[in-house]
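I'm opening a fresh notebook page for this one. The plan is to look things up piece by piece and jot down what turns up.

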Amino acid sequence: MQYEFSIQVSPEIAVDPDRLKIVVSKKNGISVDEIRHIQVLKRSIDARQKAIKVNLKIKVFVQEDFEEIPIQLPDYPDVSNASEVVIIGAGPAGLFAALRCVELGYKPIVLERGKDVRERRRDLKAINRDHIVNEDSNYCFGEGGAGTYSDGKLYTRSKKRGDVNRILQLLVGFGATDQILVEAHPHIGTNKLPAIIAAIRQKIRAHGGEVHFETRVTDFSIKNDEIHSVSLHNGDSITTNKVILATGHSARDVFELLHKKKIEIEAKPFALGVRVEHSQQLIDQIQYKCEVRGPYLPPSPYSIVKQVDGRGMYSFCMCPGGVIAPCATSPGEVVTNGWSPSKRDQPTSNSGIVVELRLEDFKDFSKYGPLSGMYFQKSIEQKSWHLAGETQRVPAQRLADLTKGKVSVDLPETSYKPGLSSIDMGEVFPKFIHKTLQHGFKAFDKSMKGYLTNEAVVHAPESRTSSPVRIPRDRKTLEHTQIKGLYPCGEGAGYAGGIISAAIDGEKCAAACIKTIN
Ligand code: FAD
């Protein structure tokens with residue numbers, strides 16, 4: 001017999017199957033000897049009270065053995081000679097679009113400007129150590145896109161659980177831990193993601209799909225409002241009438257190209273701010289309300305939102321036990337973001353803390369039109385670069401100093417490898433963002449006592465939170481509203497925010513595109 005129910009236990013019991021059996025037996029009047037196995041279906045931590053609890057959804061096997069059913073990948077056919085779909089970008093959106101094409105019997109041709117996961121590592125080293133930014137291979141560009149050397153948090157606000165579970169199961173099929181199917185806040189970690197991404201690429205190729213690295217798309221040819229071919233950086237071109245455009249939110253050259261060719265795009269509100277680093281121990285103390293976290297709880301995340309004079313300020317992509325990374329995609333700019341290893345065992349935590357921006361905040365709207373948000377974002381990244389000394393060092397300030405408008409007399413070492421320059425954030429940001437940060441951090445401290453400390457350091461800017469541009473598409477066909485055969489896809493087009501939602505959108509675009517192939 002099998003029984004499924006929810007139970008709340010202490011963190012120690014949650015990790016000890018024998019003690020869990022005793023608790024379940026007592027609660028349900030089942031003899032311990034009769035319980036053959038307890039399968040945990042879902043796990044979440046409830047840290048609202050001083051006595052922290054773990055919520056478990058479990059399946060109890062009574063007088064019946066548990067048989068583990070391994071996650072199976074779909075039965076992918078050979079598509080070597082099938083109709084082709086060109087996919088630009090090998091981020092989560094592009095790769096999951098390609099996998100879906102193969103699954104449905106079509107041949108994806110993936111064109112990626114960056115290098116494969118292994119080659120990409122050298123360029124990450126160069127940006128961290130030598131301050132050299134490769135415009136085609138960096139933390140945002142290359143195999144797996146911005147998702148490869150990311151934190152690998154897999155939660156999403158998507159309401160469609162079926163779609164989310166499908167992507168999680170595919171990730172498990174490609175080598176991710178099956179715990180991502182159980183945890184309420186699943187996470188993979190930077191050290192594990194590259195092998196999963198490489199396995200996806202190998203699968204696409206093994207079934208006849210193509211994946212081309214160091215292949216940047218530089219132009220589109222359009223005939224009678226229909227896509228006709230794409231041009232590559234080396235002068236080659238590919239004739240095609242099906243293109244999934246999944247180039248991410250950092251491909252400014254793609255947005256500029258679309259605008260130049262008068263292909264409709266729109267400015268989109270986004271958010272921008274700083275990345276703050278605290279000691280993980282402090283965050284644990286605040287969140288778990290205890291001196292030391294102990295061995296049974298994971299490094300604590302946090303999530304916080306405040307309204308400051310009617311403008312939202314919130315935490316974004318919080319990385320417990322993580323590191324701040326240099327995520328610029330061009331020389332002459334600095335950008336921060338964060339990642340963590342699978343164990344989240346670094347002594348520091350970091351989070352983007354960003355201020356909501358509206359279209360009316362982009363002063364140059366009349367000059368730049370749909371690119372005005374993108375230029376606003378770029379101007380702050382370039383100013384930060386200039387202020388911090390024109391390397392990959394970033395402007396930084398101790399947190400309490402920021403709220404007081406005081407330049408920090410010294411800065412502690414942080415996890416951001418290229419280094420810091422002490423600069424008042426008032427110099428980096430327009431007044432309305434600076435003021436919101438100053439007031440917002442004080443408000444944060446009211447909800448998370450101890451958060452506002454001078455031991456924490458803000459790094460600027462956190463500017464690539466979501467795309468500053470939307471590429472409009474038809475709600476039903478997912479085709480560009482003006483160009484037939486062009487499918488704007490993923491985060492860059494404005495239809496996703498994060499790995500899972502980008503992957504879901506990739507699958508959706510592939511299916512919609514294939515529907516139109518006779
Ligand atoms: P991208 O991943 O941006 O992929 C676009 C791809 O297109 C890139 O590989 C790029 O090289 C390629 N490309 C661009 N222009 C061209 C061209 N002209 N020709 C050919 N190829 C081109 N999200 C989460 O959900 N959880 C996290 O924990 C998380 N942490 C992150 C940490 C970091 C450091 C970063 C940078 C991002 C993080 N993100 C995280 C965000 C997440 O990675 C993105 O939301 C996601 O990757 C978007 O997927 P995408 O496929 O739409 O675009």
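**Entry 1: the ligand's surroundings**

Before counting anything, I need to know what a helix is here: helices are DSSP runs of H or I with at least four residues, numbered from the N terminus. With that settled, I asked which element gives the largest share of the shell around the ligand. It's α3, with 3 residues.

I note that this is a predicted model, so I'm reading a prediction throughout.

Next I looked at who else chips in. α3 (92–103), β16 (336–339) and α14 (499–515) each supply at least two residues of the shell. The ligand has 41 residues around it, and the ones that come nearest are G89, G91, G145, G248 and G490. I then sorted the shell by class and got 20 nonpolar, 15 polar and 6 charged residues.

Where does the ligand's shell lie relative to the domains? Domain 2 (84–266 + 478–515) and domain 3 (271–462) both give residues to the shell, so it lies between them.

**Entry 2: domains and records**

I wrote down how the protein is divided: domain 1 (2–62), domain 2 (84–266 + 478–515) and domain 3 (271–462). Domain 2 is written as two stretches of the chain, 84–266 and 478–515. I also checked a distance, and the C-alpha centres of domain 1 and domain 2 lie 40 Å apart.

Then I went to UniProt, where the entry is unreviewed. It lists residues 269–465 as "domain: FAD-dependent protein C-terminal". In the model, that span is 28% helix and 27% strand, and its end C-alpha atoms lie 11 Å apart.

A second annotation from the unreviewed UniProt entry, "domain: FAD-dependent oxidoreductase 2 FAD-binding", covers residues 85–117. Over residues 85–117 I find 39% helix and 27% strand, with the end C-alpha atoms 23 Å apart.

**Entry 3: the three-stranded sheet**

I started from the N-terminal strands. An open sheet of 3 strands has the order β1-β3-β2, and its pairing is antiparallel. Which strands sit at the edges? They're β1 and β2, each pairing on one side only. On average, neighbouring strands here are turned by 20° against each other, direction ignored.

Now the pairs themselves. β1 (residues 2–9) and β3 (residues 53–62) are joined by 8 bridges, and in that pairing F5 stands opposite I58. On the other pair, β2 (residues 35–46) meets β3 over 10 bridges, again antiparallel. There I38 stands opposite V60. The link between β2 and β3 is a hairpin of 6 residues.

**Entry 4: the seven-stranded sheet**

I moved on to another open sheet, this one with 7 strands. Its order is β13-β14-β17-β12-β20-β18-β19, and the pairing is mixed. The edges belong to β13 (305–308) and β19 (420–422), each pairing on one side only. From one strand to the next, the twist averages 35°.

I zoomed in on one pair. Strand β18 (residues 394–398) and strand β20 (residues 457–462) run antiparallel and are joined by 3 bridges. What is the bridge partner of Q397 in β20? It's V458.

**Entry 5: two backbone oddities**

A reminder to myself first: most residues other than glycine have a negative phi, and most peptide bonds are trans.

My first find goes against the peptide part. A cis peptide bond joins A460 and P461, with omega at about -5°. P461 lies in strand β20, the strand that pairs with β18.

My second find is about phi. D225 has a positive phi of about 60° although it is not a glycine. Where does D225 sit? It lies in the loop between β7 (217–223) and β8 (226–232).

**Entry 6: how sure the predictor is**

Last thing I looked up was confidence. The protein averages a pLDDT of 96, and 100% of the residues score at least 70. For the complex, the predictor gives an ipTM of 0.99 and a pTM of 0.97.

Methods. Residues are numbered from 1 along each chain as its sequence is written. This is a predicted model: local features need pLDDT of at least 70, side-chain atom pairs count only at pLDDT 80 or more; totals for chains, interfaces and linings use all residues. A residue is near a molecule or strand if its C-beta atom, placed from the backbone, lies within 6 Å of it. Ala, Val, Leu, Ile, Met, Phe, Trp, Tyr, Cys and Pro count as nonpolar, Asp, Glu, Lys and Arg as charged, and the others, Gly among them, as polar. Domain bounds come from an automatic or database domain assignment. UniProt positions are given in the numbering used here, feature names are shortened, and annotations may be inferred rather than shown by experiment. pLDDT is the predictor's confidence in each residue, from 0 to 100. Two strands pair if DSSP finds at least two bridges between them. Axes are lines fitted to C-alpha atoms, for helices over the stretch in contact, and angles run from 0 to 180 degrees between N-to-C directions.
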